[in-house]
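Let's walk through this structure together, beginning with a pair of charged side chains and working outward from there. Have the model open and follow along.

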Amino acid sequence: MNSILLLLAVVVIVVMLPGIWVISLYNLLVKLRNQCRESWSNVDTELKRRYDLIPNLVAIVKGYTKHEHDTLEKVIHARNIAAAAHGSPATQAKDENTLIGLLRQLYAVVERYPVLKADQHYLQLQEELVNTEDRIQAARRFYNGNVGDLNTRLDVFPSNLVARLFRIQRADYFEIEAADQRSAGRVALGR
């Protein structure tokens, strides 16, 4: 009788242990996927904050600059496209790159108007945008860290088997290409 109970216990353990293992790995992958979604929501919130600030910035600049209509219109157009984008992080990064480039052009325009640079409303708005950019970068780093954790777990054995079984997909990084930040620059050494 004892040998039958022992054999039954061994069979139950052998059958249940892989099931418990698969369930725990699946739960871990779902948790990582949900962390990615939550952290993307934080990035999206900060991007929307920036989108709300840009029209105010353009309105202030427009009041001072009469001949810069083309640049202002391009900024608003890029802002509208970026605000309407709800695709993957990679798709949104493309729209963000365009918007960032045009914002740099707008700041170059502002440099030509000293009175505008001294305007209190402009300075407050510019400070808000700088703070928002910092928050976007922090949220982006947190999101990309979560994406890295999920994607690493999806790549390593044996969790990759469970991920394939339940069709858990890799997440996209949110990478904003800034050529001036990516290149180290050149140093010319004279002789």
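Keep in mind that this is a predicted model. Start with Glu46, which makes a salt bridge to Arg135, with 3.1 Å between the closest N and O atoms. Glu46 sits in helix 1 and Arg135 in helix 5, so the pair ties together parts that are 89 residues apart in sequence. The two ends don't share the same surroundings: Glu46 is buried because its relative accessible area, 11%, falls under the 20% cut-off, while Arg135, at 41%, counts as partly exposed.

Now look at Arg79 and Asp52, whose side chains meet in a salt bridge at 4.0 Å, N to O. This one also links distant parts of the chain, with Arg79 in helix 2 and Asp52 in helix 1, 27 residues apart. Here Arg79 is buried at 15%, and Asp52 is exposed at 51%.

For a local case, try Lys74 and Asp70, with their closest N and O atoms 3.5 Å apart. Both lie in helix 2, four residues apart, or about one turn of the helix. There's a network to find too: salt bridges with shared partners join Arg50, Glu96 and Glu133. The whole structure has ten salt bridges.

Glu96 brings us to helix 3, where it is one of the buried residues, along with Leu99, Leu103 and Leu106, among others. The cover over those buried residues includes helix 1, helix 2, helix 4 and helix 5.

Pro89, also buried in helix 3, leads to one last stop. The second largest pocket has a volume of about 250 Å³, and among the residues closest to its centre are Pro89, Arg37 and Tyr143. Helix 1 gives the largest share of the lining, four residues.

Note on methods: Residues are numbered from 1 along each chain as its sequence is written. This is a predicted model: local features need pLDDT of at least 70, side-chain atom pairs count only at pLDDT 80 or more; totals for chains, interfaces and linings use all residues. Side-chain values use heavy atoms; hydrogens and water are left out. On a 1 Å grid over the protein atoms alone, a cavity is a set of points where a 1.4 Å probe fits but cannot get out, and a pocket is an open set with protein on both sides within 12 Å along at least five of seven lines; lining residues have an atom within 4 Å of a point. Grid points are joined across faces, edges and corners, and a volume is the space filled by probe spheres set on the points. Helices (H or I, at least four residues) and strands (E, at least two) are DSSP runs, numbered from the N terminus. Buried means under 20% relative accessible area, exposed over 50%, partly exposed in between (1.4 Å probe, protein chains only). Contact means heavy atoms within 4.5 Å.
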